[in-house]
Amino acid sequence: MTIETTTRFAIQSIDADAERGGWQATGEFVNQQEDAAYGRRAEIYFTPEGGGDWDAVAHLAMRGSILPQATRFNYKASRTQVTLSTTDAFLQNAGLQGIYFFSTASPANPHQIANMNLGKIIQHIIEQHCNVSSTAFIQTSTGAYSANLVGGWVDTTNVDTTNSTATSVYTVRASNSIWQSMKQIAANEFYVVYMDKLDRFNY
């Protein structure tokens, strides 16, 4: 997809929050309300200055999705206030069914996992129980993987499935928040789940 640039976005703040597990920026579009579509993917760049000179190359500050907040009008302009957030904002409010995981040498369904550990459970949830992954393949009812990608926008390859704590069985209770469920799993082995500034998932 071609990147469209704009000079009508004024950034007000940008920050990361370890407790929230992601990045967030606030700002406003001036006379460009149509660009503030809900869920639209966007990137913020900055140009550093030092010693009176500006860098020749712009640097990526963060990548995320637009969440419109409010639009104000006066006789001079329209100003659309938005939040740009990494994908944790969506997962925070996405429900998750109850799941029983079982470790076995010969998996026969997606919730049976060979050499199971908590990292593999996290990987299954982020890749198969929501549609955000751009790097995972869709799993079939037999536990095998199809040739079709999930089709999302988040790189989910940085999940530690090597050093994570092994477990033979594990129950994930139904939840109103996939994000909170994954944080609870991570707490069992002092791991964290978070989105980095490029909106990549990390465990």
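# Close-up views of a predicted model

**View 1. Helix H2 sits inside the protein.** Eight of the eleven residues of H2 are buried, so the helix is largely enclosed by the rest of the structure. The model is a predicted one. Which residues of H2 are buried? They are Leu118, Gly119, Ile121, Ile122, His124, Ile125, Ile126 and Glu127. These buried residues pack against several elements. Two helices are on the list, H1 (88–91) and H3. Four strands join them: S8, S10 (137–139), S12 and S14.

**View 2. The whole protein, for orientation.** The protein has three helices and 14 strands. Its C-alpha atoms fill a box of roughly 65 × 40 × 30 Å, taken along the principal axes. Of its 203 residues, 37% are buried. Now take the contacts between residues at least 6 apart in sequence. Within that set, 54% join residues at least 24 apart.

**View 3. Three strands form an open sheet.** In what order do the strands of this open sheet lie? The order is S9-S8-S12, and the pairing is mixed. S9 and S12 are the edge strands, each pairing on one side only. Look at the S8 and S12 side of the sheet. S8 covers residues 99–103 and S12 covers residues 169–172. The two run antiparallel, joined by four bridges. Here Tyr100 stands opposite Thr171 of S12. Turn to the other partner of S8. S9 (residues 112–113) pairs with S8 in the parallel sense, over two bridges. On this side, Phe102 stands opposite Gln112 of S9. A general point helps in reading any such view. In a regular strand, side chains alternate between the two faces of the sheet.

**View 4. The largest nonpolar core gathers helices and strands.** This core has 26 residues. Which of them have the most contacts inside it? They are Phe101, Ile121, Ile125, Val172, Met182 and Phe201. Four elements each supply at least two residues of the core. They are strands S8 and S12, with helices H2 (118–128) and H3 (178–187). Ile121 and Ile125 also appear among the buried residues of H2. A second, separate core has nine residues. Among them are Phe29, Ala61, Met62 and Val82.

**View 5. Val172 and its contacts.** Leave aside the neighbours within four places in sequence. Which residues does Val172 then touch? Leu96, Gln97, Gly98, Ile99 and Phe101 are in contact with it. Ile121 and Ile125 are too. Ser181 and Ile185 complete the list. Val172 belongs to S12, which spans residues 169–172.

**View 6. The second largest pocket.** About 190 Å³ of space lies in this pocket. It is lined by 15 residues. Closest to its centre are Pro110, Gln112, Ile113, Gln139 and Tyr145. Two elements, S9 and H2, give two or more residues to the lining. Which element gives the most? H2 does, with five residues. What classes of residue make up the lining? Five are nonpolar, eight are polar and two are charged. Gln112 has already appeared in View 3, opposite Phe102.

**View 7. Two loop residues with positive phi.** Most residues other than glycine have a negative phi. Asn115 has a positive value, near 50°. Where is Asn115 found? It is in the loop between S9 and H2. Asn115 is exposed, because its relative accessible area of 64% is over the 50% cut-off. Phe190 also has a positive phi, near 60°. Phe190 lies in the loop between H3 and strand S13 (194–195). Is Phe190 buried or exposed? Phe190 counts as exposed, at 79% relative accessibility.

**View 8. Tyr203, after strand S14.** Tyr203 is placed in the segment that follows S14 (201–202). Is Tyr203 buried or exposed? Tyr203 is buried, because its relative accessible area of 9% is under the 20% cut-off. Now pick out Leu60. Tyr203 and Leu60 are 143 residues apart in sequence. In space they are 22 Å apart, C-alpha to C-alpha.

Notes:
Residues numbered from 1 in each chain as written. Predicted model: local features only at pLDDT ≥ 70, side-chain atom pairs only at ≥ 80, totals over all residues. Heavy atoms only, no water. Pairing = 2+ DSSP bridges. Core = buried A, V, L, I, M, F, W, Y, C linked by side-chain atoms within 4.5 Å. Buried < 20%, exposed > 50% of the residue type's maximum accessible area, 1.4 Å probe, protein only. Contact = heavy atoms within 4.5 Å. 1 Å grid on protein atoms, 1.4 Å probe; cavity = no way out; pocket = protein on both sides within 12 Å on 5 of 7 lines; lining within 4 Å. Points joined across faces, edges and corners; volume = space filled by probe spheres on them. Nonpolar A, V, L, I, M, F, W, Y, C, P; charged D, E, K, R; others polar.
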